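Trainee: I'd like to learn how to read a protein model, one feature at a time. Can you walk me through one?

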Amino acid sequence: MQALSPSPNLKSLIRTRPLVPSHRVAPHRLVVQCVYKFDSSNFSSGVGLSRADWQSSCAILASKVVSQQQDTEKSGNADLTAVNGHKTLDLVPIENLPKPLTITDLSPAPMHGSQLRVAYQGVPGAYSEAAAGKAYPNCEAIPCDQFEVAFQAVELWIADRAVLPVENSLGGSIHRNYDLLLRHRLHIVGEVQLPVHHCLLALPGVRKEYLTRVISHPQALAQCEHTLTKLGLNVAREAVDDTAGAAEYVALNNLRDTAAIASARAADLYGLQVLADGIQDDSSNVTRFVMLAREPIIPRTDRPFKTSIVFAHDKGTSVLFKVLSAFAFRNISLTKIESRPHRNRPIRLVDDANVGTAKHFEYMFYVDFEASMAEVRAQNALAEVQEFTSFLRVLGSYPMDMTPWCPSGGD
């Protein structure tokens with residue numbers, strides 16, 4: 001069988017065929033499929049194509065356009081003309097086809113927090129709402145009744161971000177949120193530190209002498225314990241879910257024997273009066289919040305960054321020393337280390353033929369360190385940590401809150 005090559009006549013046809021001007025067609029995406037079938041016997045016998053066959057082939061090729069709606073006539077493509085006498089098919093403009101949903105359809109990409117939907121735990125007037133406003137000015141704050149609901153709001157695209165407390169300078173860590181950080185797959189994209197300014201709130205006209213109980217969040221009650229005693233209040237302390245919720249409860253139920261510990265903003269929202277201002281025992285009362293998102297941010301080196309990780313190990317406390325040494329050798333400062341029970345494996349049993357079975361509690365360790373994952377030293381430190389751990393996860397690498405320190409002296 002001889003090699004396939006265009007005949008001299010065919011080459012001449014290709015060179016000398018004049019360009020036929022045609023109407024301009026709007027830029028539609030066309031799917032073209034050749035349905036012309038040549039006769040291989042012509043090539044094998046050495047017989048070339050005639051000029052009429054070639055023109056017919058080109059016409060068929062140009063006119064056989066594959067469309068998903070070949071049987072539907074479209075009036076909007078009347079500007080398409082016939083090619084060599086063959087009528088072209090009506091095409092569906094690409095802009096008229098349904099487009100797939102994208103991330104921007106489900107959640108717009110706001111600029112500078114102007115349209116961000118930020119979930120927080122509590123009701124309007126909570127400190128978490130104030131933290132959300134500090135982290136994302138002009139955002140749409142979405143209250144959630146539980147911490148886990150705030151996580152789920154972001155995962156289900158109901159909210160774009162979540163702002164949740166993780167530690168307080170007086171009360172310590174909020175363990176529930178550390179557990180939820182591990183359970184969910186959200187990423188820490190920032191932090192914000194909020195000075196806490198507690199007020200004693202009651203209904204208008206109520207005096208401190210009339211009070212028989214004070215309600216608030218457990219940490220708020222603990223942070224104001226000494227001040228309540230100094231005020232001479234012989235009242236019962238009762239814990240509720242959040243500070244602003246306590247103020248709302250007093251107002252809705254018209255409780256004239258009950259006061260709430262909450263913010264001054266909660267007093268304005270729920271029509272309460274401030275019996276005592278700044279009742280926290282320590283003016284250096286600050287709560288640290290983290291900002292959570294579905295996607296991580298790109299770490300940078302042009303500003304101070306912090307990175308949060310969680311890891312577990314299988315070989316006792318000596319491994320913890322090696323892990324911490326990986327940071328110390330590279331001059332990376334740790335700002336926090338927190339241990340939480342390993343829920344999937346809370347106890348490790350070690351059998352010894354001489355002394356019996358030893359029971360060790362297993363922990364997950366949360367560590368914050370001052371370095372960006374864009375730095376080589378941080379990358380090398382985590383590479384070394386991974387050698388000693390059975391589990392390692394980066395919760396986020398994010399800018400540090402570098403706002404000037406201002407003790408809680410008012411909102």
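Mentor: Here is a walk through some strands, helices, cysteines and loops. Keep in mind that this model is predicted.

Trainee: Okay, strands to begin with. Why is strand β3 described as largely enclosed by the rest of the structure?

Mentor: The idea is to check each residue against a cut-off: buried means under 20% relative accessible area. Strand β3 covers residues 117-121, and five of the five are buried, so the rest of the structure largely encloses it.

Trainee: Which residues cover each face of β3?

Mentor: One side has Arg-117, Ala-119 and Gln-121, while Val-118 and Tyr-120 are on the other, and all of these are buried.

Trainee: And which way does β3 run relative to strand β4, parallel or antiparallel?

Mentor: For pairing, you look at the bridges between two strands. β3 and β4 (residues 140-144) run parallel and are joined by five bridges. To find your place, look for Arg-117, which has Glu-140 of β4 opposite it.

Trainee: How many bridges does β3 share with strand β5?

Mentor: Two, and that pairing with β5 (residues 161-168) is in the parallel sense as well. Here the residue to look for is Val-118, standing opposite Arg-161 in β5.

Trainee: What kind of unit do β3, helix α5 and β4 make?

Mentor: Follow the path from strand to helix to strand and note its handedness. With α5 at residues 127-135, the three elements form a right-handed β-α-β unit.

Trainee: Now a helix. What span is expected for helix α13, and what does it reach?

Mentor: You compare the end-to-end reach with what the residue count predicts. Helix α13 runs over residues 376-388, which is 13 residues, and its first and last C-alpha are 19 Å apart, close to the 18 Å expected at 1.5 Å a residue.

Trainee: Which residues of α13 are buried?

Mentor: Ala-378, Ala-381, Leu-382 and Val-385. These cover an arc of only 95° around the axis, so they sit on the same side of α13. Turned away from that buried side is a face with the exposed residues Val-376, Gln-386 and Glu-387.

Trainee: Let's do a side chain. Where is Ser-325, and is it buried or exposed?

Mentor: Place the residue in its element, then check its accessibility. Ser-325 belongs to helix α12 (residues 317-328). With a relative accessible area of 10%, Ser-325 is buried. Its side chain reaches the backbone oxygen of Phe-321 at 2.8 Å.

Trainee: How many disulfides are there?

Mentor: You look for cysteine sulfur atoms within 2.5 Å of each other. The count here is zero. Take Cys-199: the nearest cysteine sulfur is that of Cys-224, 9.2 Å away, and Cys-199 is in no disulfide. Cys-199 is buried, at a relative accessible area of 0%. Another cysteine, Cys-144, is buried too, at 4%.

Trainee: Last one: backbone angles. What is phi near for Asn-138?

Mentor: Check the sign of phi, and whether the residue is a glycine. Phi of Asn-138 is near 65°, a positive value in a residue other than glycine. Asn-138 sits in the loop between α5 and β4, and at 67% relative accessibility it counts as exposed.

Trainee: And where does Asn-331 lie?

Mentor: In the loop between α12 and β15 (334-341). Asn-331 has a positive phi too, near 60°, and is exposed, with a relative accessible area of 63%.

Conventions:
Residues are numbered from 1 along each chain as its sequence is written. This is a predicted model: local features need pLDDT of at least 70, side-chain atom pairs count only at pLDDT 80 or more; totals for chains, interfaces and linings use all residues. Side-chain values use heavy atoms; hydrogens and water are left out. Buried means under 20% relative accessible area, exposed over 50%, partly exposed in between (1.4 Å probe, protein chains only). Helices (H or I, at least four residues) and strands (E, at least two) are DSSP runs, numbered from the N terminus. Two strands pair if DSSP finds at least two bridges between them. A crossover is right-handed if, with the strands pointing away from the viewer, the path from the first strand over the helix to the second runs clockwise. The expected span of a helix is 1.5 Å times one less than its number of residues. The arc is that of the directions from the helix axis to the C-beta atoms. A polar contact is a pair of N or O atoms within 3.5 Å; within protein, one must be able to donate a hydrogen and the other to accept it, and residues adjacent in sequence count only if both atoms are side-chain atoms.
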